[in-house]
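Student: Could you walk me through the empty spaces and the packing in this protein? I'd like to go one question at a time.

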Amino acid sequence: MQYQALYRKYRPQRFDEVVGQDHVTTTLAREVVEDKVAHAYLFTGPRGTGKTTSARLLAKSLNCPNRAADGEPCNTCPSCVGITEGTSLDVIELDAASHNKVEDVREIRANVSTVAAAAGAKRVYILDEAHMLSRAAGNALLKTLEEPPDHVIFVLATTEPYKLLDTIRSRSQRFDFHPVPTETLVDYLAKIADAEGFTHDHAALSAVTAHAGGSVRDAMSLLEQVAALGAGAVTTAGVERALGLADRDSFRKLIDAMVDTDAAAGLELIANLTRQGSDLRRFVADAIAYMRGVFLAQYAPNLAEIVDASSETIDEWQQVAPTIPSTDVLRAIDVLSVALTDLRDGREERLVVEMAIIRLTRPEVVADVESVSARLARVERSVEELRAAPKPTPAPARDLPADRPFEKNVEPVEDDPATEQVEAAVVPADDTREVEAPTIEVADEAASTFKLSDFNRVWPSVAATIRTEVGPRRHALLREATPVAVEGGAVVFEVASHMHFHLEQLKADKALQEAITSHAGDQLGAAVAVRFQSADAPAADSTGAMDLELVPDKDSLVSADDDEADDPAAMLQDALGGEFVDQG
């Protein structure tokens with residue numbers, strides 16, 4: 001006998017053999033038994049879930065003279081055998097992709113009036129890919145679909161029901177075929193593998209079903225391919241080789257590279273996948289699915305109830321979930337989704353994936369909100385880890401002689417030249433010789449000087465750094481001050497003469513001054529002081545006394561006439577540096 005593919009060899013011949021569609025097969029069998037069969041059916045659902053098979057079983061059950069009480073066909077009568085072999089004249093299968101014109105529908109309308117091949121039999125028209133019908137052909141079919149002869153039944157099968165005319169959908173009884181659950185499909189594949197003599201394990205069959213998308217036909221085709229590759233052995237490695245998949249450890253390595261911000265490890269992972277011949281587009285798609293599982297594991301304790309995955313996959317998600325923040329997982333899904341879109345547009349595969357890996361492992365190279373949030377979250381985690389870390393235990397005190405109590409808890413430095421110099425200067429108490437005290441040189445930090453040009457060189461960097469510390473308002477005040485001189489290690493800032501308010505605020509802001517001195521000192525390597533003054537401030541004499549002639553006399557202030565008093569509006573304008581506008 002000529003070899004048949006597994007999905008043809010093991011095509012269900014009874015309603016109870018259809019996998020994972022009990023809600024459909026039970027209803028159809030009951031309608032046949034109760035003689036309440038509709039004149040038109042619409043079977044919708046993903047590919048390989050049993051739509052055409054169920055339509056044939058419906059035709060077989062309707063025309064079987066030895067039908068069981070539960071509606072199951074006998075599969076031995078001439079009608080059942082003819083339908084099984086595809087030679088029955090009462091089951092007409094048409095492909096709407098090639099019969100989508102008005103002329104084709106007219107031929108169907110002409111043939112429906114003919115009687116069935118056997119007396120009392122039903123003629124079943126199965127129209128595959130019904131969504132491929134043109135609009136004109138669909139309208140031409142409406143009348144026949146709504147009121148066919150009593151012996152004619154239409155079954156329309158499609159994967160895209162929304163493309164059908166509303167008038168066609170309203171004239172049909174609709175059944176939705178669902179993707180087959182993973183564990184159900186694994187058990188079904190195990191039975192077929194045992195019947196074919198394939199060696200297999202649960203993990204390998206789970207890998208097959210994971211890439212079948214709930215399609216029984218796809219799963220059986222992949223099972224057949226892997227078994228042929230492994231000479232009858234179905235293994236996880238065989239599935240990966242047959243489909244060009246990355247192994248499960250690759251996704252764990254990607255997670256580790258993200259957590260450790262190790263871009264080199266991520267790029268090395270992509271290089272290894274490329275050398276192995278893995279499909280990078282499929283790797284990105286599988287990585288998105290893996291990240292989704294990890295994210296769900298972080299928030300759903302009942303993960304097995306809300307996802308359709310094998311127990312091994314669920315256990316791995318739950319193990320990885322505590323090792324990475326949920327914000328990083330969400331960002332990874334977004335970045336990988338963009339990369340997958342770029343790959344589908346035909347861009348350079350390896351370059352696109354490597355760029356995505358860099359974005360995931362080094363958030364600082366991207367200036368978007370998600371990357372900044374990831375960096376801040378990483379800093380917060382580091383701070384929390386430092387707070388939670390145990391504090392170091394101080395070294396225990398050493399027991400020293402009673403005559404040297406002042407050296408308790410002090411450990412001498414061995415072979416220190418300075419210590420040897422001091423010890424050499426120590427003499428016994430009864431020695432009357434004069435000993436010259438050792439000279440100890442101390443560096444005078446205050447003596448270190450810098451020039452105004454040195455400070456101006458680092459000032460832009462210092463100002464940008466302290467902005468985040470002092471805030472935008474105080475930074476705006478600082479922008480009105482200009483460094484004009486360096487006097488004895490103190491930087492003199494000048495403020496415009498009319499900005500009295502700014503000057504007073506800067507003088508009173510000690511935190512701002514400390515921030516300037518700290519950051520400027522770090523960059524200059526010297527002690528820095530800060531002084532603010534007005535641009536028209538009088539110069540001090542050699543004694544440091546101010547010119548007293550510029551100070552107004554108290555008596556003149558008391559005896560000033562009212563017309564000589566300062567105008568409040570003018571004072572406000574002088575302080576704020578603005579101008580008054582007449583609003584009418």
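Student: Which element gives the most to the lining of the largest cavity?

Tutor: Quick caveat: this is a predicted model, where local features need pLDDT of at least 70, side-chain atom pairs count only at pLDDT 80 or more, and totals for chains, interfaces and linings use all residues. Residues are numbered from 1 along each chain as its sequence is written, and side-chain values use heavy atoms, leaving out hydrogens and water. On a 1 Å grid over the protein atoms alone, a cavity is a set of points where a 1.4 Å probe fits but cannot get out, and lining residues have an atom within 4 Å of a point. With three residues, the top contributor is the strand (a DSSP run of E, at least two residues, numbered from the N terminus) called β3.

Student: Which residues line the largest cavity, and how much space lies in it?

Tutor: The lining is I92, L94, I108, Y125, I126, L127 and F154. By class there are seven nonpolar, no polar and no charged residues, with Tyr counted as nonpolar. The volume, meaning the space filled by probe spheres set on the points, is about 40 Å³.

Student: Now the largest pocket: which residues lie nearest its centre?

Tutor: A pocket is an open set of points with protein on both sides within 12 Å along at least five of seven lines. This one holds about 790 Å³ of space, and its lining has 16 nonpolar, nine polar and eight charged residues. Of the 33 lining residues, those nearest the centre are S206, A210, H211, R248 and T313.

Student: And which element gives the most to the lining of the second largest pocket?

Tutor: That pocket has a volume of about 530 Å³. α1 (6-9), α3 (51-63), β4 (152-158) and α10 (216-229) each supply at least two lining residues. With four residues, the leader is α3.

Student: Which element gives the most to the largest nonpolar core?

Tutor: Such a core is a set of buried (under 20% relative accessible area, 1.4 Å probe, protein chains only) Ala, Val, Leu, Ile, Met, Phe, Trp, Tyr and Cys residues joined through side-chain atoms within 4.5 Å. The largest one has 38 residues, and W317 is among those with the most contacts inside it. With nine residues, the main contributor is α14.

Student: Which residues is W317 in contact with, leaving aside its neighbours within four places in sequence?

Tutor: Contact means heavy atoms within 4.5 Å. R248 also lies among the residues nearest the centre of the largest pocket. The full set for W317 is R248, A289, Y290, G293, V294, A297, L303, V307 and A309.

Methods. Buried < 20%, exposed > 50% of the residue type's maximum accessible area, 1.4 Å probe, protein only.
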